[in-house]
Amino acid sequence: MSDMGSLQDLRQSRTKSGQAGPIVAFDFDGTLTVRDSFTEFLRWKAGPGGWALGLVKLAPALAAYGRHRDRGRIKVASVKEFLAGETRESLEAEAERFAEVMWSRLMRPDALAVWDDWGRRGAHRVIVTASPETTVAPFARRLGAEALLGTQLAFDAQDRVTDAFAGPNCRGEEKVRRLKAAYSDDMTLTAAYGDTSGDREMLAMAQEAGFRVFKARP
């Protein structure tokens, strides 16, 4: 899939000064997919035994989540448990294999139809997701996305995943901030699609908002 563009290409495929045509934003997990892709990736990567053991180790973090309800914190704990120390090259290769295996099981047919329709209309389609850009990038390339904005994993000097993120969890107001940083503060968002409270701010800035409009399953 390398000929479809790198993760950096997806981040920078459009500049503030180079806008043309409508901008349409899609959440990924639960909107284009039937369930959370990052959880599925971790489960797939770890295997049944590793996943079960990892959940046991995550029990304190999961219990704490019941009190603080901070999705970013539980995601960091999951990254630390399942990905810390992984090389960027290895993680990207595994993400590619995951997308190949899971595409037909995860993607919503009705969401893909709307995605393709916007493409035919010349829209600039950007995926804005709380999942890590690294694991969503292979799906974005398969979709032909013009851009991808997601949570960014942190890598150390040896290019290995650390136990932190390089920036905030990309949900809620952070989705709006990332869109404006990519396209300008006065951007016009023609349409946006999402399915959780973490998408509401993005949907509120769109001229056309679709909340939980996609229902089909593979």
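Here are a few questions and answers about this predicted model.

Q: How many helices and strands does the protein chain have?
A: The chain mixes both kinds of secondary structure. Counting them up gives 9 helices and 7 strands.

Q: Why can the protein chain be called as compact as a globular protein of its length?
A: Start with the globule rule, which gives 17 Å for 218 residues. The chain's own radius of gyration is close to that, so it is as compact as a globular protein of that length. Along the principal axes, its C-alpha atoms fill a box of roughly 45 × 40 × 35 Å. The radius of gyration itself is 17 Å.

Q: What percentage of the residues in the protein chain is buried?
A: Take buried to mean under 20% relative accessible area. Out of 218 residues, the buried share is 49%.

Q: How far apart are the centres of the positive and negative side chains?
A: There are 32 positive side chains and 30 negative ones in the chain. Take the centre of each set, and the two lie 5 Å apart.

Q: Where is the kink in helix α5 centred?
A: Helix α5 runs over residues 88-106 and bends by about 40°. The centre of that kink is Glu100.

Q: Which elements are included in what covers the buried residues of α5?
A: The buried residues of α5 include Leu91, Phe98, Met102 and Leu106. Two helices and two strands are among their cover. By name, these are α2 (37-57), α7 (133-143), β4 (153-155) and β5 (161-165).

Technical notes. Residues are numbered from 1 along each chain as its sequence is written. This is a predicted model: local features need pLDDT of at least 70, side-chain atom pairs count only at pLDDT 80 or more; totals for chains, interfaces and linings use all residues. Side-chain values use heavy atoms; hydrogens and water are left out. Helices (H or I, at least four residues) and strands (E, at least two) are DSSP runs, numbered from the N terminus. The radius of gyration is taken over C-alpha atoms; the globule rule is 2.2 Å times the number of residues to the power 0.38. Buried means under 20% relative accessible area, exposed over 50%, partly exposed in between (1.4 Å probe, protein chains only). Lys and Arg count as positive and Asp and Glu as negative; His and the chain ends are not counted. The place of a charge is taken as NZ of Lys, CZ of Arg, CG of Asp or CD of Glu. The bend at a residue is the angle between axes fitted to the seven residues ending there and the seven starting there. Contact means heavy atoms within 4.5 Å.
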